[in-house]
Amino acid sequence: MDAEALAGARKRVLAGGAERYHAANADKGKLFARERIALLVDEGSFVEDGLFANSLADGLPADGVITGAARIDGRDVCVMANDSTVKAGSWGARTVEKIIRIIERAYQQSVPMVYLVDSAGARITDQVDLFPGRRGAGKIFHTQVKASGSIPQVCALFGPSAAGGAYIPAFCDVVAMVEGNASMYLGSDRMVEMVTGEKTTLEAMGGARVHCTESGVGHFLCKSEREALDVVRTYLSYLPSNWTAQPPAATAAKPAAVDLAALVPASERQAFDMRRYVKGLVDENSYFEIWALWARELTVGFARLDGEVVGVVGNNSMFKGGVLFVDSADKASRFVQLCDAFNVPLLFLTDVPGFMVGTAVEKQGIIRHGAKMITAISEATVPKICVVVRKAYGAGLYAMAGPGFDPDATIALPTAKIAVMGAEAAVNAVYAKKIAAIEDPEERAAFVAERRAEYERDIDIMRLASELVVDAVVEPGDLRAELVRRFSAARGRDRSFSRRRHGVNPV
(Lines give C-alpha, C1' and ligand atoms only; values in the text may rest on other atoms or scores of the structure.)
Protein backbone atom coordinates (compact mmCIF):
# COMPACT_ATOMS: atom_id res chain seq x y z
CA MET A 1 0.00 0.00 0.00
CA ASP A 2 1.42 3.38 -0.94
CA ALA A 3 1.45 6.42 1.32
CA GLU A 4 -1.59 8.01 -0.32
CA ALA A 5 -3.69 4.87 0.06
CA LEU A 6 -2.60 4.46 3.67
CA ALA A 7 -3.50 8.08 4.43
CA GLY A 8 -6.91 7.56 2.86
CA ALA A 9 -7.55 4.40 4.86
CA ARG A 10 -6.49 6.13 8.04
CA LYS A 11 -8.76 9.09 7.33
CA ARG A 12 -11.75 6.80 6.77
CA VAL A 13 -11.16 4.94 10.03
CA LEU A 14 -10.69 8.13 12.05
CA ALA A 15 -14.00 9.44 10.70
CA GLY A 16 -15.95 6.63 12.32
CA GLY A 17 -19.33 5.57 10.97
CA ALA A 18 -21.57 7.12 8.35
CA GLU A 19 -22.46 10.81 8.60
CA ARG A 20 -26.11 10.04 9.38
CA TYR A 21 -25.04 8.31 12.59
CA HIS A 22 -22.93 11.31 13.60
CA ALA A 23 -25.92 13.56 12.93
CA ALA A 24 -28.26 11.36 14.95
CA ASN A 25 -25.86 11.44 17.90
CA ALA A 26 -25.47 15.20 17.65
CA ASP A 27 -29.27 15.57 17.82
CA LYS A 28 -29.14 13.78 21.18
CA GLY A 29 -26.33 16.00 22.46
CA LYS A 30 -23.78 13.22 22.07
CA LEU A 31 -20.17 13.78 21.06
CA PHE A 32 -18.12 11.60 18.73
CA ALA A 33 -16.02 9.09 20.70
CA ARG A 34 -12.78 10.68 19.49
CA GLU A 35 -14.01 14.09 20.63
CA ARG A 36 -14.64 12.64 24.09
CA ILE A 37 -11.09 11.35 24.27
CA ALA A 38 -9.70 14.69 23.08
CA LEU A 39 -11.66 16.58 25.74
CA LEU A 40 -10.54 14.21 28.50
CA VAL A 41 -6.83 13.66 27.93
CA ASP A 42 -3.89 16.03 27.72
CA GLU A 43 -3.56 17.50 24.25
CA GLY A 44 -1.46 15.39 21.90
CA SER A 45 -0.93 12.60 24.42
CA PHE A 46 -3.21 9.89 23.00
CA VAL A 47 -1.45 6.96 21.34
CA GLU A 48 -3.93 4.61 19.67
CA ASP A 49 -3.73 0.83 19.39
CA GLY A 50 -5.55 -1.33 16.86
CA LEU A 51 -6.66 1.51 14.61
CA PHE A 52 -7.10 -0.84 11.65
CA ALA A 53 -8.85 -3.63 13.56
CA ASN A 54 -11.27 -5.41 11.19
CA SER A 55 -10.28 -2.96 8.47
CA LEU A 56 -11.09 -5.45 5.69
CA ALA A 57 -14.75 -5.56 6.75
CA ASP A 58 -17.19 -3.05 5.33
CA GLY A 59 -18.46 -0.33 7.67
CA LEU A 60 -16.56 -1.38 10.79
CA PRO A 61 -13.79 1.21 11.30
CA ALA A 62 -11.58 0.22 14.26
CA ASP A 63 -14.26 -2.43 14.87
CA GLY A 64 -16.28 0.12 16.82
CA VAL A 65 -13.92 0.73 19.72
CA ILE A 66 -11.00 3.09 20.24
CA THR A 67 -8.24 2.06 22.65
CA GLY A 68 -4.87 3.44 23.64
CA ALA A 69 -2.67 5.21 26.15
CA ALA A 70 -2.72 8.87 27.12
CA ARG A 71 -2.13 11.30 29.97
CA ILE A 72 -4.62 13.09 32.16
CA ASP A 73 -3.16 16.04 34.08
CA GLY A 74 0.29 14.69 33.26
CA ARG A 75 -0.38 11.18 34.58
CA ASP A 76 -0.37 8.06 32.41
CA VAL A 77 -3.70 6.31 31.83
CA CYS A 78 -5.22 3.80 29.44
CA VAL A 79 -8.49 4.56 27.64
CA MET A 80 -11.18 2.65 25.80
CA ALA A 81 -14.08 4.38 24.05
CA ASN A 82 -16.97 2.76 22.21
CA ASP A 83 -17.77 4.41 18.87
CA SER A 84 -21.57 4.44 18.67
CA THR A 85 -21.46 5.61 15.03
CA VAL A 86 -20.21 2.11 14.16
CA LYS A 87 -22.97 -0.49 14.52
CA ALA A 88 -24.20 1.39 17.63
CA GLY A 89 -20.88 0.67 19.34
CA SER A 90 -21.60 -3.05 19.35
CA TRP A 91 -18.94 -5.67 20.01
CA GLY A 92 -17.33 -8.00 17.50
CA ALA A 93 -14.47 -10.41 18.11
CA ARG A 94 -11.80 -7.78 17.52
CA THR A 95 -13.67 -5.25 19.64
CA VAL A 96 -13.47 -7.68 22.52
CA GLU A 97 -9.80 -8.41 21.93
CA LYS A 98 -8.97 -4.70 21.87
CA ILE A 99 -10.81 -4.10 25.14
CA ILE A 100 -9.09 -7.05 26.84
CA ARG A 101 -5.67 -5.91 25.61
CA ILE A 102 -6.03 -2.34 26.88
CA ILE A 103 -7.17 -3.46 30.34
CA GLU A 104 -4.28 -5.92 30.47
CA ARG A 105 -1.93 -3.11 29.49
CA ALA A 106 -3.28 -0.81 32.20
CA TYR A 107 -2.88 -3.55 34.78
CA GLN A 108 0.62 -4.51 33.63
CA GLN A 109 1.80 -0.90 33.57
CA SER A 110 -0.02 -0.06 36.83
CA VAL A 111 -1.90 2.94 35.48
CA PRO A 112 -5.60 3.90 35.76
CA MET A 113 -8.09 2.51 33.26
CA VAL A 114 -10.78 4.80 31.84
CA TYR A 115 -13.87 3.43 30.09
CA LEU A 116 -15.94 5.75 27.86
CA VAL A 117 -18.95 3.52 27.26
CA ASP A 118 -21.67 3.85 24.61
CA SER A 119 -22.50 0.39 23.29
CA ALA A 120 -25.49 -1.68 22.25
CA GLY A 121 -23.68 -4.84 23.38
CA ALA A 122 -22.58 -7.91 21.46
CA ARG A 123 -23.28 -8.45 17.78
CA ILE A 124 -25.47 -11.51 17.90
CA THR A 125 -24.41 -12.47 14.36
CA ASP A 126 -20.81 -12.77 15.61
CA GLN A 127 -21.55 -14.56 18.87
CA VAL A 128 -19.48 -17.67 18.23
CA ASP A 129 -16.39 -15.53 17.60
CA LEU A 130 -16.82 -13.12 20.52
CA PHE A 131 -18.81 -14.82 23.26
CA PRO A 132 -17.71 -18.22 24.57
CA GLY A 133 -13.95 -18.57 24.08
CA ARG A 134 -10.92 -18.05 26.30
CA ARG A 135 -10.45 -14.58 24.82
CA GLY A 136 -14.19 -13.98 24.51
CA ALA A 137 -16.26 -11.30 26.21
CA GLY A 138 -16.08 -13.02 29.59
CA LYS A 139 -12.33 -12.36 29.63
CA ILE A 140 -13.08 -8.62 29.76
CA PHE A 141 -14.80 -9.00 33.12
CA HIS A 142 -12.21 -11.46 34.43
CA THR A 143 -9.50 -8.93 33.61
CA GLN A 144 -11.43 -6.07 35.22
CA VAL A 145 -11.83 -8.08 38.42
CA LYS A 146 -8.13 -8.91 38.40
CA ALA A 147 -7.29 -5.22 38.06
CA SER A 148 -9.81 -4.12 40.71
CA GLY A 149 -8.07 -2.54 43.69
CA SER A 150 -4.76 -2.66 41.84
CA ILE A 151 -5.47 0.29 39.55
CA PRO A 152 -8.30 2.85 39.56
CA GLN A 153 -11.03 2.00 37.05
CA VAL A 154 -13.52 4.73 36.20
CA CYS A 155 -16.37 4.78 33.70
CA ALA A 156 -18.26 7.57 31.97
CA LEU A 157 -21.45 6.26 30.40
CA PHE A 158 -22.84 8.29 27.49
CA GLY A 159 -25.35 5.91 25.94
CA PRO A 160 -26.49 2.32 26.46
CA SER A 161 -24.47 -0.37 28.17
CA ALA A 162 -26.53 -3.37 27.26
CA ALA A 163 -26.78 -7.00 28.31
CA GLY A 164 -23.41 -8.46 29.33
CA GLY A 165 -21.77 -5.17 28.44
CA ALA A 166 -23.51 -3.61 31.45
CA TYR A 167 -20.94 -5.35 33.62
CA ILE A 168 -18.10 -3.12 32.36
CA PRO A 169 -19.48 -0.17 34.37
CA ALA A 170 -20.48 -2.46 37.22
CA PHE A 171 -16.87 -3.57 37.76
CA CYS A 172 -15.56 0.01 37.79
CA ASP A 173 -14.85 1.97 40.96
CA VAL A 174 -17.30 4.69 39.97
CA VAL A 175 -19.68 5.39 37.08
CA ALA A 176 -20.72 8.81 35.77
CA MET A 177 -23.96 8.66 33.75
CA VAL A 178 -25.34 11.32 31.40
CA GLU A 179 -29.01 11.86 32.13
CA GLY A 180 -31.32 11.29 29.19
CA ASN A 181 -28.85 9.22 27.15
CA ALA A 182 -27.02 6.79 29.45
CA SER A 183 -28.60 3.51 30.43
CA MET A 184 -27.63 0.10 31.80
CA TYR A 185 -29.76 -2.99 31.50
CA LEU A 186 -29.37 -6.74 31.14
CA GLY A 187 -32.40 -7.13 28.89
CA SER A 188 -34.01 -4.56 26.60
CA ASP A 189 -37.58 -3.38 27.14
CA ARG A 190 -38.71 -5.66 24.32
CA MET A 191 -36.95 -8.64 25.86
CA VAL A 192 -38.43 -7.89 29.28
CA GLU A 193 -41.93 -7.79 27.86
CA MET A 194 -41.36 -11.04 26.00
CA VAL A 195 -39.93 -12.87 29.02
CA THR A 196 -41.97 -11.42 31.89
CA GLY A 197 -44.91 -9.66 30.29
CA GLU A 198 -43.89 -6.37 31.91
CA LYS A 199 -44.22 -3.27 29.74
CA THR A 200 -41.53 -0.73 30.46
CA THR A 201 -39.02 1.60 28.81
CA LEU A 202 -35.24 1.65 28.85
CA GLU A 203 -35.30 4.93 30.77
CA ALA A 204 -37.70 3.65 33.43
CA MET A 205 -35.87 0.34 33.79
CA GLY A 206 -32.22 1.32 33.44
CA GLY A 207 -31.87 5.03 32.85
CA ALA A 208 -29.26 7.22 34.50
CA ARG A 209 -31.59 8.60 37.16
CA VAL A 210 -32.80 5.13 38.11
CA HIS A 211 -29.26 3.84 38.59
CA CYS A 212 -28.00 6.96 40.42
CA THR A 213 -30.96 7.22 42.81
CA GLU A 214 -32.42 3.72 43.21
CA SER A 215 -30.12 0.87 42.22
CA GLY A 216 -26.82 2.48 43.21
CA VAL A 217 -25.02 1.13 40.14
CA GLY A 218 -24.42 4.71 38.99
CA HIS A 219 -22.52 7.19 41.16
CA PHE A 220 -22.78 10.55 39.39
CA LEU A 221 -25.82 11.86 37.53
CA CYS A 222 -24.46 14.29 34.95
CA LYS A 223 -26.29 16.88 32.87
CA SER A 224 -23.84 16.74 29.97
CA GLU A 225 -21.02 14.70 28.50
CA ARG A 226 -18.51 17.38 29.46
CA GLU A 227 -19.64 17.13 33.06
CA ALA A 228 -19.17 13.35 32.98
CA LEU A 229 -15.64 13.79 31.63
CA ASP A 230 -14.94 16.31 34.40
CA VAL A 231 -16.05 13.67 36.92
CA VAL A 232 -13.50 11.22 35.50
CA ARG A 233 -10.73 13.79 35.70
CA THR A 234 -11.65 14.91 39.22
CA TYR A 235 -12.02 11.36 40.51
CA LEU A 236 -8.55 10.41 39.32
CA SER A 237 -7.07 13.55 40.92
CA TYR A 238 -7.77 12.11 44.38
CA LEU A 239 -6.26 8.68 43.75
CA PRO A 240 -2.77 7.31 43.15
CA SER A 241 -2.04 5.61 39.85
CA ASN A 242 -2.01 2.21 41.54
CA TRP A 243 -2.27 0.45 44.88
CA THR A 244 1.44 0.77 45.73
CA ALA A 245 1.47 4.58 45.57
CA GLN A 246 0.12 7.30 47.84
CA PRO A 247 -2.70 9.68 46.89
CA PRO A 248 -1.44 12.92 45.34
CA ALA A 249 -1.23 15.83 47.75
CA ALA A 250 -2.29 19.37 46.84
CA THR A 251 -1.67 22.82 48.21
CA ALA A 252 -3.38 23.17 51.58
CA ALA A 253 -6.36 25.49 51.85
CA LYS A 254 -8.52 26.76 54.69
CA PRO A 255 -12.00 25.26 55.14
CA ALA A 256 -15.21 27.05 54.20
CA ALA A 257 -16.59 29.45 56.80
CA VAL A 258 -18.92 27.18 58.75
CA ASP A 259 -19.67 27.54 62.47
CA LEU A 260 -19.36 23.86 63.41
CA ALA A 261 -20.54 24.39 66.98
CA ALA A 262 -23.69 26.20 65.89
CA LEU A 263 -24.41 23.69 63.11
CA VAL A 264 -25.07 20.75 65.46
CA PRO A 265 -28.43 21.12 67.27
CA ALA A 266 -28.54 20.35 70.98
CA SER A 267 -31.54 18.05 70.48
CA GLU A 268 -30.64 14.77 68.86
CA ARG A 269 -34.12 14.74 67.32
CA GLN A 270 -33.29 17.81 65.24
CA ALA A 271 -31.57 17.12 61.91
CA PHE A 272 -28.56 18.85 60.43
CA ASP A 273 -26.68 18.43 57.16
CA MET A 274 -23.46 16.48 57.70
CA ARG A 275 -22.24 17.59 54.26
CA ARG A 276 -22.05 21.17 55.58
CA TYR A 277 -20.13 19.87 58.58
CA VAL A 278 -17.63 18.15 56.28
CA LYS A 279 -17.14 21.35 54.29
CA GLY A 280 -16.40 23.23 57.50
CA LEU A 281 -13.63 20.74 58.33
CA VAL A 282 -11.83 20.03 55.07
CA ASP A 283 -10.00 22.29 52.62
CA GLU A 284 -12.45 24.60 50.88
CA ASN A 285 -14.08 23.23 47.70
CA SER A 286 -12.30 19.89 48.13
CA TYR A 287 -15.24 17.68 49.14
CA PHE A 288 -16.01 15.42 46.18
CA GLU A 289 -19.15 13.54 47.16
CA ILE A 290 -19.76 10.11 45.62
CA TRP A 291 -23.25 8.59 45.36
CA ALA A 292 -24.78 11.93 46.33
CA LEU A 293 -28.29 10.84 45.27
CA TRP A 294 -28.39 7.27 46.59
CA ALA A 295 -28.76 6.13 50.22
CA ARG A 296 -28.54 9.75 51.29
CA GLU A 297 -28.66 8.95 55.00
CA LEU A 298 -24.92 8.40 54.56
CA THR A 299 -22.57 10.79 52.80
CA VAL A 300 -19.28 9.49 51.39
CA GLY A 301 -16.59 11.11 49.29
CA PHE A 302 -13.03 12.30 48.95
CA ALA A 303 -11.70 15.52 50.43
CA ARG A 304 -8.41 17.15 51.30
CA LEU A 305 -7.36 17.92 54.83
CA ASP A 306 -4.46 20.36 54.86
CA GLY A 307 -3.75 19.25 51.30
CA GLU A 308 -3.79 15.50 52.01
CA VAL A 309 -6.50 13.21 50.61
CA VAL A 310 -8.94 11.59 53.04
CA GLY A 311 -12.07 9.53 52.52
CA VAL A 312 -15.10 10.77 54.46
CA VAL A 313 -17.95 8.61 55.77
CA GLY A 314 -20.63 10.60 57.59
CA ASN A 315 -24.15 9.95 58.86
CA ASN A 316 -26.60 12.55 57.57
CA SER A 317 -29.65 13.04 59.79
CA MET A 318 -31.25 15.20 57.08
CA PHE A 319 -32.28 11.93 55.42
CA LYS A 320 -34.09 9.17 57.31
CA GLY A 321 -32.60 10.50 60.54
CA GLY A 322 -29.18 9.13 59.60
CA VAL A 323 -30.32 5.57 60.37
CA LEU A 324 -28.39 2.90 58.49
CA PHE A 325 -30.40 0.89 55.95
CA VAL A 326 -29.47 -1.93 53.56
CA ASP A 327 -28.36 0.45 50.82
CA SER A 328 -26.37 2.76 53.09
CA ALA A 329 -24.56 -0.25 54.56
CA ASP A 330 -23.60 -1.34 51.03
CA LYS A 331 -22.60 2.22 50.16
CA ALA A 332 -20.25 2.42 53.14
CA SER A 333 -18.79 -1.05 52.49
CA ARG A 334 -17.89 -0.27 48.89
CA PHE A 335 -16.43 3.15 49.65
CA VAL A 336 -14.34 1.93 52.58
CA GLN A 337 -12.92 -0.89 50.45
CA LEU A 338 -12.11 1.62 47.69
CA CYS A 339 -10.22 3.88 50.10
CA ASP A 340 -8.39 0.97 51.69
CA ALA A 341 -7.34 -0.35 48.27
CA PHE A 342 -5.75 2.95 47.27
CA ASN A 343 -4.20 4.07 50.56
CA VAL A 344 -6.72 6.78 51.34
CA PRO A 345 -7.08 7.42 55.12
CA LEU A 346 -10.65 7.30 56.44
CA LEU A 347 -12.50 9.88 58.52
CA PHE A 348 -15.77 8.77 60.10
CA LEU A 349 -18.15 11.50 61.26
CA THR A 350 -20.66 9.79 63.49
CA ASP A 351 -24.23 10.80 64.25
CA VAL A 352 -26.05 7.51 64.02
CA PRO A 353 -29.08 6.08 65.87
CA GLY A 354 -28.09 2.60 64.67
CA PHE A 355 -29.34 0.21 62.01
CA MET A 356 -32.99 0.26 60.95
CA VAL A 357 -35.29 -2.33 62.51
CA GLY A 358 -38.56 -3.85 61.39
CA THR A 359 -40.06 -6.54 59.21
CA ALA A 360 -39.24 -4.89 55.87
CA VAL A 361 -35.51 -4.45 56.48
CA GLU A 362 -35.15 -7.86 58.12
CA LYS A 363 -36.56 -9.43 54.96
CA GLN A 364 -34.10 -7.36 52.92
CA GLY A 365 -31.25 -8.80 54.95
CA ILE A 366 -30.27 -5.84 57.15
CA ILE A 367 -28.20 -8.16 59.36
CA ARG A 368 -26.31 -9.51 56.37
CA HIS A 369 -25.71 -6.06 54.88
CA GLY A 370 -24.77 -4.60 58.25
CA ALA A 371 -22.28 -7.42 58.72
CA LYS A 372 -20.80 -6.58 55.33
CA MET A 373 -20.30 -2.97 56.39
CA ILE A 374 -18.71 -3.98 59.68
CA THR A 375 -16.46 -6.43 57.79
CA ALA A 376 -15.24 -3.66 55.49
CA ILE A 377 -14.54 -1.38 58.47
CA SER A 378 -12.68 -4.17 60.26
CA GLU A 379 -10.54 -5.12 57.27
CA ALA A 380 -9.55 -1.56 56.37
CA THR A 381 -5.93 -1.06 57.41
CA VAL A 382 -5.48 2.55 56.31
CA PRO A 383 -5.41 5.15 59.09
CA LYS A 384 -8.93 5.51 60.51
CA ILE A 385 -10.28 8.16 62.85
CA CYS A 386 -13.76 8.04 64.32
CA VAL A 387 -15.27 11.36 65.40
CA VAL A 388 -18.47 11.13 67.43
CA VAL A 389 -20.16 14.37 66.44
CA ARG A 390 -23.43 13.80 68.29
CA LYS A 391 -24.67 10.26 68.89
CA ALA A 392 -23.34 6.77 68.32
CA TYR A 393 -25.93 4.23 69.39
CA GLY A 394 -25.94 0.46 69.21
CA ALA A 395 -24.24 -1.30 66.33
CA GLY A 396 -24.05 2.08 64.61
CA LEU A 397 -20.97 2.77 66.75
CA TYR A 398 -19.38 -0.41 65.43
CA ALA A 399 -20.29 0.35 61.82
CA MET A 400 -18.67 3.80 62.07
CA ALA A 401 -15.25 2.48 63.15
CA GLY A 402 -15.84 2.80 66.90
CA PRO A 403 -13.22 1.94 69.53
CA GLY A 404 -13.43 -1.82 69.00
CA PHE A 405 -12.49 -1.59 65.34
CA ASP A 406 -8.88 -0.52 65.59
CA PRO A 407 -9.22 3.19 64.79
CA ASP A 408 -6.12 5.28 65.27
CA ALA A 409 -8.27 7.48 67.48
CA THR A 410 -11.82 7.89 68.69
CA ILE A 411 -12.50 11.58 69.18
CA ALA A 412 -15.62 12.97 70.82
CA LEU A 413 -17.10 16.43 70.64
CA PRO A 414 -18.75 17.84 73.78
CA THR A 415 -22.11 17.03 72.14
CA ALA A 416 -21.22 13.32 71.81
CA LYS A 417 -23.24 10.46 73.29
CA ILE A 418 -22.15 6.83 73.07
CA ALA A 419 -24.59 4.19 74.29
CA VAL A 420 -26.49 1.04 73.42
CA MET A 421 -29.49 3.29 72.78
CA GLY A 422 -30.79 6.77 73.55
CA ALA A 423 -32.03 7.72 77.00
CA GLU A 424 -35.71 7.75 76.06
CA ALA A 425 -35.63 4.26 74.52
CA ALA A 426 -33.45 2.87 77.31
CA VAL A 427 -35.71 4.09 80.13
CA ASN A 428 -38.75 2.76 78.35
CA ALA A 429 -37.08 -0.61 77.77
CA VAL A 430 -36.04 -1.04 81.43
CA TYR A 431 -38.94 0.59 83.28
CA ALA A 432 -41.92 0.13 80.93
CA LYS A 433 -44.06 -1.79 83.43
CA LYS A 434 -43.22 0.49 86.34
CA ILE A 435 -43.96 3.60 84.30
CA ALA A 436 -47.31 2.17 83.25
CA ALA A 437 -48.16 1.41 86.87
CA ILE A 438 -47.76 5.03 88.02
CA GLU A 439 -51.23 6.54 87.75
CA ASP A 440 -50.48 10.17 88.57
CA PRO A 441 -49.22 11.92 85.39
CA GLU A 442 -46.92 14.33 87.24
CA GLU A 443 -45.40 11.55 89.33
CA ARG A 444 -44.94 9.46 86.19
CA ALA A 445 -43.24 12.33 84.35
CA ALA A 446 -40.96 13.01 87.30
CA PHE A 447 -39.98 9.34 87.52
CA VAL A 448 -39.17 9.19 83.81
CA ALA A 449 -37.17 12.42 83.96
CA GLU A 450 -35.14 11.16 86.91
CA ARG A 451 -34.36 7.84 85.23
CA ARG A 452 -33.32 9.63 82.04
CA ALA A 453 -31.04 11.94 83.99
CA GLU A 454 -29.43 8.90 85.64
CA TYR A 455 -28.91 7.33 82.22
CA GLU A 456 -27.38 10.52 80.82
CA ARG A 457 -24.95 10.68 83.75
CA ASP A 458 -24.00 7.06 83.15
CA ILE A 459 -22.99 7.74 79.54
CA ASP A 460 -21.47 11.19 80.16
CA ILE A 461 -18.72 11.74 77.63
CA MET A 462 -16.14 12.72 80.24
CA ARG A 463 -16.81 9.47 82.06
CA LEU A 464 -16.23 7.59 78.80
CA ALA A 465 -13.00 9.53 78.32
CA SER A 466 -11.90 8.60 81.84
CA GLU A 467 -12.54 4.93 80.96
CA LEU A 468 -10.43 5.31 77.76
CA VAL A 469 -13.42 4.66 75.52
CA VAL A 470 -12.57 7.88 73.68
CA ASP A 471 -9.06 9.21 73.20
CA ALA A 472 -9.90 12.91 73.26
CA VAL A 473 -12.76 15.32 73.78
CA VAL A 474 -12.27 18.41 71.63
CA GLU A 475 -14.19 21.57 70.83
CA PRO A 476 -15.53 21.83 67.27
CA GLY A 477 -13.24 24.74 66.52
CA ASP A 478 -10.19 22.60 67.38
CA LEU A 479 -11.28 19.47 65.50
CA ARG A 480 -9.62 20.19 62.15
CA ALA A 481 -6.20 20.83 63.70
CA GLU A 482 -6.60 17.70 65.85
CA LEU A 483 -7.39 15.60 62.78
CA VAL A 484 -4.45 16.98 60.80
CA ARG A 485 -2.04 16.07 63.61
CA ARG A 486 -3.52 12.63 64.19
CA PHE A 487 -3.60 11.62 60.52
CA SER A 488 0.00 12.77 60.19
CA ALA A 489 0.99 10.65 63.20
CA ALA A 490 -0.84 7.60 61.77
CA ARG A 491 0.94 7.52 58.42
CA GLY A 492 3.32 4.79 59.56
CA ARG A 493 0.49 2.49 60.55
CA ASP A 494 0.99 -1.27 60.12
CA ARG A 495 -1.14 -2.34 57.13
CA SER A 496 -1.30 -6.06 57.97
CA PHE A 497 -4.61 -7.46 59.20
CA SER A 498 -4.97 -11.24 59.34
CA ARG A 499 -3.06 -14.43 58.55
CA ARG A 500 -5.15 -15.73 55.64
CA ARG A 501 -5.79 -15.53 51.91
CA HIS A 502 -9.07 -13.61 52.25
CA GLY A 503 -12.14 -13.59 54.43
CA VAL A 504 -15.61 -14.90 53.57
CA ASN A 505 -17.70 -11.80 52.95
CA PRO A 506 -21.25 -11.85 54.41
CA VAL A 507 -22.72 -10.62 51.10
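UniProt positions are given in the numbering used here, and annotations may be inferred rather than shown by experiment. On that basis, the unreviewed UniProt entry lists residues 255-507 as "domain: CoA carboxyltransferase C-terminal". The structure examined is a predicted model. Within it, the annotated span is 42% helix and 18% strand, and the C-alpha atoms at its two ends lie 38 Å apart.

Helix H11 covers residues 225-237. A helix of 13 residues, at 1.5 Å a residue, should span 18 Å, and the end C-alpha atoms of H11 are 19 Å apart, in agreement with that expectation. The buried residues of H11 are Glu225, Ala228, Leu229, Val231, Val232, Arg233, Tyr235 and Leu236. Glu225 also takes part in a network of salt bridges, in which it is linked with Lys30, Arg36 and Asp118.

A further helix, H4, comprises residues 93-109 and contains glutamine 108. With a relative accessibility of 62%, glutamine 108 counts as exposed, because the threshold for that class is over 50%. Glutamine 108 and glutamate 308 are 200 residues apart along the chain, and a distance of 28 Å separates their C-alpha atoms.

Salt bridges were examined next. Side chains of opposite charge can pair when their charged atoms come close. The structure holds 29 salt bridges, and three pairs are described here individually.

Aspartate 273 and arginine 275 are joined by a salt bridge with an N to O distance of 2.9 Å. Both partners are buried: aspartate 273 has a relative accessible area of 16%, and arginine 275 has one of 19%. These two residues fall in the buried class because its limit is under 20%.

Arginine 123 pairs with aspartate 126, and the closest N and O atoms of this salt bridge are 3.9 Å apart. The distance satisfies the criterion, because a salt bridge requires the nitrogen to be within 4 Å of the carboxyl oxygen. Arginine 123 is buried at 8% relative accessibility, whereas aspartate 126, at 25%, is partly exposed.

In the third pair, glutamate 454 forms a salt bridge with arginine 451, with 2.9 Å between the closest N and O atoms. Both residues belong to helix H19, which is made up of residues 441-458. An α-helix has 3.6 residues a turn, so residues three or four places apart point the same way. Glutamate 454 and arginine 451 are three residues apart in H19 and are therefore separated by about one helical turn. Glutamate 454 is partly exposed, with a relative accessible area of 32%, while arginine 451 is buried, with a value of 12%.

The cysteines were considered last. A disulfide is a covalent bond between the sulfur atoms of two cysteines. Under the distance rule applied, the count of disulfides is zero. Cysteine 212 is in no disulfide, and the nearest cysteine sulfur, which belongs to cysteine 222, is 7.4 Å away. The pair is not counted because a disulfide requires the two sulfur atoms to be within 2.5 Å. Cysteine 212 is buried, with a relative accessible area of 2%.

For cysteine 386, the closest cysteine sulfur is that of cysteine 339, at 15 Å, which is too far for a bond. Cysteine 386 is likewise buried, with a relative accessible area of 0%.

Technical notes. Residues numbered from 1 in each chain as written. Predicted model: local features only at pLDDT ≥ 70, side-chain atom pairs only at ≥ 80, totals over all residues. Heavy atoms only, no water. Helix = DSSP H or I, 4+ residues; strand = E, 2+ residues; numbered from the N terminus. Expected span 1.5 Å × (residues − 1). Buried < 20%, exposed > 50% of the residue type's maximum accessible area, 1.4 Å probe, protein only. Salt bridge = Lys/Arg side-chain N within 4 Å of Asp/Glu carboxyl O.
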